[in-house]
Amino acid sequence: MRQIKCLITAGATREYFDPVRFISNPSTGKMGIAIAKACKDSGWETTLVIGAASVPTPDGIETISAISAEDMLRETSARFSDCDILIMTAAVSDMRPKVKSAQKVKKEKLNMLVEFEQTPDILKTLSKSKNRQILIGFAAETNDVETYAKKKLKEKNLDAIAANNVSKKDAGFASDFNEISLFFKDGKTAELGRGTKDELAQKLVKILSEKFFS
Ligand code: CTP
């Protein structure tokens, strides 16, 4: 069988106000990196597009850096037509400053600068040009996890969405652990339960492999 090509995004994007200030989120990149490793271990040709991460990127996996949501959109778009599956674990900043100053802004003037606009939705954008590609999203929720995850599954035209409750103690952002429920477009659900991010990544890739590529 032909080798499966997968594209993984991980980490947090940063949206800069000026050369020294940005808005972002606490994603460390651990979950996405664990998934990239599991994909590679399954024999998939793996490319990782990564924002800010606080753990080392893995050896032996093609890794592309993307700082902002715009960078991540560009780098994933450039590789999308050639991939079989995109797993979007990146915590993309939803907002960015409307204006980015080339020079450091003096603090007295900062409040005048803080006007936001939405960043592009990468999954929504890519799903419009989807043909054979399988699209997997990751929903980070603090409440009504299933409802919001299913809403994103539909609105972003995904094949499945992995939902995790980021408000749980020792799960989600920055933790070595996570707890994942996987909701498919066809209405089926897979409970991956709680485990280390490495364990869950292996379970996830096995499930995706059986569901979409066997
Ligand atoms: N995502 C994306 N582009 C964005 C924001 C999010 O592609 N600008 C992707 C994420 O990588 C993830 C999925 O959409 O796979 C869900 O992200 P999440 O942050 O949970 O949801 P949002 O769409 O940002 O909505 P909200 O913040 O309102 O929950």
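**Glutamine 133 and the ligand shell**

In this predicted model, glutamine 133 is buried, with a relative accessible area of 1%. The cut-off for a buried residue is a relative accessible area under 20%, so the value of 1% places glutamine 133 in the buried class. Glutamine 133 belongs to the loop between H4 and E9. The side chain of glutamine 133 has a polar atom 2.8 Å from the backbone nitrogen of asparagine 131. A polar atom of the glutamine 133 side chain also lies 3.5 Å from the backbone oxygen of serine 81.

The two elements joined by this loop, H4 and E9, also take part in the surroundings of the ligand. Helix H4, residues 122-127, and strand E9, residues 134-141, are the elements that give two or more residues to the shell around the ligand. Strand E9 gives the most, with four residues. In total, 15 residues surround the ligand. Met88, Ala90, Asp94, Lys152 and Lys156 are the closest of these. Sorted by class, the shell around the ligand consists of nine nonpolar, two polar and four charged residues.

Polar contacts to the ligand were found from both backbone and side-chain atoms. At methionine 88, a backbone N or O atom is 2.7 Å from an oxygen atom of the ligand. At isoleucine 122, a backbone N or O atom is 3.0 Å from a nitrogen atom of the ligand. In the case of lysine 156, the contact comes from the side chain, where an N or O atom is 2.6 Å from an oxygen atom of the ligand. The ligand taken alone exposes 560 Å², and the protein buries 78% of that area. The space that the ligand takes is the largest pocket.

A further buried residue is found in a strand. Alanine 190 is located in strand E12, which covers residues 189-196. The relative accessibility of alanine 190 is 15%. Because buried means under 20% relative accessible area, alanine 190 counts as buried at this value. In sequence, alanine 190 and leucine 204 are 14 residues apart. In space, the C-alpha atoms of alanine 190 and leucine 204 are 9.3 Å apart.

How values were computed:
Residues are numbered from 1 along each chain as its sequence is written. This is a predicted model: local features need pLDDT of at least 70, side-chain atom pairs count only at pLDDT 80 or more; totals for chains, interfaces and linings use all residues. Side-chain values use heavy atoms; hydrogens and water are left out. A residue is near a molecule or strand if one of its heavy atoms lies within 4 Å of it. A polar contact is a pair of N or O atoms within 3.5 Å; within protein, one must be able to donate a hydrogen and the other to accept it, and residues adjacent in sequence count only if both atoms are side-chain atoms. Accessible areas come from the Shrake-Rupley method with a 1.4 Å probe; for residues, only the protein chains shown count as cover. On a 1 Å grid over the protein atoms alone, a cavity is a set of points where a 1.4 Å probe fits but cannot get out, and a pocket is an open set with protein on both sides within 12 Å along at least five of seven lines; lining residues have an atom within 4 Å of a point. A molecule sits in a cavity or pocket if more than half of its atoms lie within 2 Å of its grid points. Ala, Val, Leu, Ile, Met, Phe, Trp, Tyr, Cys and Pro count as nonpolar, Asp, Glu, Lys and Arg as charged, and the others, Gly among them, as polar. Buried means under 20% relative accessible area, exposed over 50%, partly exposed in between (1.4 Å probe, protein chains only).
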